[in-house]
There are 2 protein chains.
Amino acid sequence: MPAKPASRTRSRPPAPRRPAPARPGAGPRGSKGAHDIVEKLRVRIAQQQIAPGAKLRETDLAAEFKVSRARIREAIASLESRGLVQRIPNRGAVVMRLDLSQVFYIYDLREVLEGLAARLATQNEPPESWREDLDRHRGPMKALVERGDLDEYIEHYEQLRRRLIEAARNPVLAEMLDTIYEKTQVLIRRIIILPGRAEVGRQQHVAMLEAMCRGDAEEAERLRRASLRSAKSALERYQRYIL
Amino acid sequence: MPAKPASRTRSRPPAPRRPAPARPGAGPRGSKGAHDIVEKLRVRIAQQQIAPGAKLRETDLAAEFKVSRARIREAIASLESRGLVQRIPNRGAVVMRLDLSQVFYIYDLREVLEGLAARLATQNEPPESWREDLDRHRGPMKALVERGDLDEYIEHYEQLRRRLIEAARNPVLAEMLDTIYEKTQVLIRRIIILPGRAEVGRQQHVAMLEAMCRGDAEEAERLRRASLRSAKSALERYQRYIL
DNA sequence: GTCAACACTTATGTTTACAAATTCGTTGAC
DNA sequence: GTCAACGAATTTGTAAACATAAGTGTTGAC
């Protein structure tokens, strides 16, 4: 290896800097990560703002989010990995339709996963910390059902559900529950508003919360699982109206 | 809207076709779907052929798989969605390291999910169909443990596990188990080869298979769950040697 | 020896252009 | 009216080019 030429000195003046001709559009890296886009699309798909069967057009989404098509393609790849869309070569991506068998598969999973969440939450939090939820489900939630104010009922139920998942402190579990929840969110709401369903559910949540206030994690899990099986039964009975 | 001019006739000869100047590389659509690439990378990551912490370089992978960089980026987006890699803006993607807390989260999930698989498998298949597995775990598997032939033991254990998942007939469950299995595959093997662990596991599988041969789905689930908790305990005890 | 500054190299993120595949609208035959 | 053929329009998949950010190696100061 030939010796290097004598060293350059640090004090040499910097070469004059000529501005490169600007290439239109090639500016600083965009501030919108692909995650944000994935997240937003997930929510819209979950809430059926983008309907099942609907086609996702790359160019439209790129324009809407003001990002490159390449980024949209990556986001769509992520959504496909989550089972929210199906990509067909040369034809694009469509939002998955959930067929009935899929729903039942998901309900079996919800049973064990949400049961696990209830158990872990009971183990992780002091029993008295569930008192307020219990009181709410005994009193104000009962009144909501009687008044038929199901929107607010659902809101509180979903708060409880989220609280359980957070208290479970298992991020892998939380992620899995997210993955299935976003596929079934609209459906879960439809089940809750079935005749009599909200009151049955409320009573089941009361029983579970009572077990949690006793610190009985196994029982909380058992009751939460039973509650999900009960919801699955309601689905079986009313499936023709729901899907 | 103005009337269209008189119709063209079908019998007009086709215009002479001039071949477009070939653009290097822009040929027919590649035959390798992004799925294949994702699948291959998943397996390699699961088996630690690509080590945790290792960097995935787009250009290298594009050259290796003979596809465009864009496709590799989409594959990496999918892998990230599955939690197998972490992408860092402007720095690339690295294979996730599994820290200890993650492992325990996963074990809690494995407990309930593999328990569910055992239950569904018991419900779905006639009891006598598990006889052969039971006989194998009673006899030949015991001999493998005694001889210390743990490679073959693990192979048969994994066959049983796969059989349970298939018999569960719940594709959403299978997908979830895949997702966590690919993160823990090497670790599971390490647990099995811990001192005495294989024989304990074998006995647990025998008990579960006995319940399945009786058609007792709840008991099969309970025993499978207990077996996973037992594996988690071994992990807790020997964690310093395993990770 | 360490460490900071700097230049160069490399890899990632984006844009542009284009080929290939699919979709859509029109037209003519029946 | 339906249906097939065909051309035009649109969308998807890819390659190349380029901007930007980060990594790496060298050099000089201490």
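Reader: What area is buried between chain B and chain A, and what percentage of it do carbon and sulfur atoms give?

Author: The model is predicted, and every value discussed here is computed from it. The area buried between the two chains is about 2,600 Å², with carbon and sulfur atoms giving 55% of that area. On the chain B side, B:E74, B:L109 and B:M176 supply 21% of the area buried against chain A, more than any other three residues. In terms of contacts, 31 residues of chain B meet 30 residues of chain A.

Reader: How many salt bridges does the rule find across this interface?

Author: The rule finds eight salt bridges between chain B and chain A. In one salt bridge, the side chains of B:E74 and A:R87 meet at 3.0 Å, N to O. B:E74 is also one of the three residues named above for their share of the buried area.

Reader: Which helices of chain B each supply at least two residues of the side that touches chain A?

Author: Polar contacts may be taken beforehand: the rule finds 14 residue pairs in polar contact across the interface, both residues at pLDDT 80 or more. The helices concerned are α3 (69-81), α4, α8 and α10 of chain B, each of which supplies at least two residues of that side. The largest share, eleven residues, comes from α4(B).

Reader: Next, the helices. Why does the distance between the end C-alpha atoms of helix α9 of chain B agree with the expected span?

Author: The general idea concerns helical geometry. An α-helix has 3.6 residues a turn, so residues three or four places apart point the same way. For the length, one uses 1.5 Å a residue: helix α9 of chain B (residues 197-213) has 17 residues and should therefore span 24 Å, and its end C-alpha atoms are 24 Å apart.

Reader: Is α9(B) mostly covered or mostly uncovered?

Author: α9(B) is mostly covered, with twelve of its 17 residues buried. Among them are B:R197, B:G201, B:Q204, B:M208 and B:M212. The buried residues of this helix pack against α4 (100-124), α5 (131-138), α6 (140-147), α7 (150-168), α8 (171-192) and α10 (217-242) of chain B. Just after α9(B), B:G215 takes a positive phi of about 75°.

Reader: Why does A:R202 count as buried?

Author: The cut-off is under 20% relative accessible area. A:R202 has 6% relative accessibility and therefore counts as buried. This residue lies in helix α9 (residues 197-213) of chain A. Leaving aside residues up to four places away in sequence, A:R202 touches A:H137, A:R138, A:M141, A:K142, A:V145 and A:Y153.

Reader: What is the order of the strands in the open sheet of chain A?

Author: To read a sheet, one follows the pairing from strand to strand. In chain A the order is β1-β3-β2, with antiparallel pairing. The edge strands are β1 (55-56) and β2 (85-88), each of which pairs on one side only. Two bridges join β1(A) to β3 (residues 92-95) of chain A, and A:K55 has A:V94 as its bridge partner in β3(A).

Reader: Along strand β2 of chain B, which side chains are buried?

Author: The side chains of β2 (residues 85-88) of chain B alternate: B:V85 and B:R87 point to one face and are buried, whereas B:Q86 and B:I88 point to the other and are not. Four bridges join β2(B) to β3 (residues 92-95) of chain B, and the two run antiparallel. Opposite B:R87 stands B:A93 in β3(B). The hairpin of these strands has three residues between them, and in it B:N90 takes a positive phi near 70°.

Notes:
Residues numbered from 1 in each chain as written. Chains lettered and ligands numbered in written order. Heavy atoms only, no water. Expected span 1.5 Å × (residues − 1). Buried < 20%, exposed > 50% of the residue type's maximum accessible area, 1.4 Å probe, protein only. Contact = heavy atoms within 4.5 Å. Pairing = 2+ DSSP bridges. Buried area = accessible area lost by both parts, 1.4 Å probe. Salt bridge = Lys/Arg side-chain N within 4 Å of Asp/Glu carboxyl O. Polar contact = N/O pair within 3.5 Å; in protein donor to acceptor, adjacent residues only side chain to side chain.
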